[in-house]
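Please look through the sequence and the model below, and then follow the explanation from a pair of side chains out to the whole chain.

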Amino acid sequence: MSVLGFLIGNPTLLAIMGGVVAALIAFITGNSRGARLQERKQAAEKLVAAEDRLEMDREATDADRRARDLSDAEATKEAMRWAKR
């Protein structure tokens, strides 16, 4: 009990302990803020990727519909334009 009384009664040690606690709280708060910012960044990146996939799917569906309407000769002619030579 006398040790606790000494620590509380000594203003210098009390100020040092307060500073340590404040630094610890600042560190923890900063880390959690950084984690939240990183989560937001990743969520935004995932949203952009999902929108890109949706747009590519729409384009592929449109291309499939156009290709389905081509005759065999037209399909061969179109394929030859895109084939590696």
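In this predicted model, the side chains of Glu55 and Arg58 come together in a salt bridge, with a distance of 3.9 Å from N to O, which falls within the 4 Å that the rule for a salt bridge allows. Both residues belong to helix H2, where Glu55 and Arg58 are three residues apart, or about one turn of the helix. This spacing matters for the direction of side chains: an α-helix has 3.6 residues a turn, so residues three or four places apart point the same way. Neither partner is hidden from the surroundings, since Glu55 has a relative accessibility of 38% and counts as partly exposed, while Arg58, at 47%, is also partly exposed.

By this rule the count comes to two salt bridges, and another one joins Asp62 to Arg65, whose closest N and O atoms are 3.8 Å apart. Here again the partners are three residues apart in helix H2, so about one helical turn separates Asp62 from Arg65. Asp62 has a relative accessible area of 36% and is partly exposed, and Arg65 is partly exposed as well, at 47% relative accessibility.

The helix that carries these pairs deserves a closer look. H2 runs over residues 11–68, and its 58 residues reach 85 Å from the first C-alpha to the last, which is close to the 86 Å expected at 1.5 Å a residue. At the N-terminal end of H2, Asn10 acts as a cap, with a side-chain oxygen lying 3.1 Å from the backbone nitrogen of Thr12. Helix H2 also contains Leu24, which, together with Phe27 and Ile28, forms a nonpolar patch on the surface, and the accessible area of these residues together is about 330 Å².

How many helices and strands does the chain as a whole contain? There are three helices and zero strands, so that, read along the sequence, the pattern is α-α-α. The radius of gyration of the chain is 33 Å, well over the 12 Å that the globule rule gives for 85 residues, and the chain is therefore more spread out than a compact globule. The box filled by the C-alpha atoms, taken along the principal axes, is roughly 100 × 25 × 15 Å.

It remains to ask what the surface of the chain looks like. Buried residues make up 0% of the 85 residues, where buried means a relative accessible area under 20%. The accessible surface of the chain comes to about 7,800 Å², and 63% of this surface belongs to carbon and sulfur atoms.

Note on methods
Residues are numbered from 1 along each chain as its sequence is written. This is a predicted model: local features need pLDDT of at least 70, side-chain atom pairs count only at pLDDT 80 or more; totals for chains, interfaces and linings use all residues. Side-chain values use heavy atoms; hydrogens and water are left out. Patches are made of residues with over 30% relative accessible area and no salt bridge: like charges are joined within 9 Å, nonpolar side chains (Val, Leu, Ile, Met, Phe, Trp, Tyr) within 5 Å. Accessible areas come from the Shrake-Rupley method with a 1.4 Å probe; for residues, only the protein chains shown count as cover. Helices (H or I, at least four residues) and strands (E, at least two) are DSSP runs, numbered from the N terminus. The expected span of a helix is 1.5 Å times one less than its number of residues. A polar contact is a pair of N or O atoms within 3.5 Å; within protein, one must be able to donate a hydrogen and the other to accept it, and residues adjacent in sequence count only if both atoms are side-chain atoms. The radius of gyration is taken over C-alpha atoms; the globule rule is 2.2 Å times the number of residues to the power 0.38. Buried means under 20% relative accessible area, exposed over 50%, partly exposed in between (1.4 Å probe, protein chains only).
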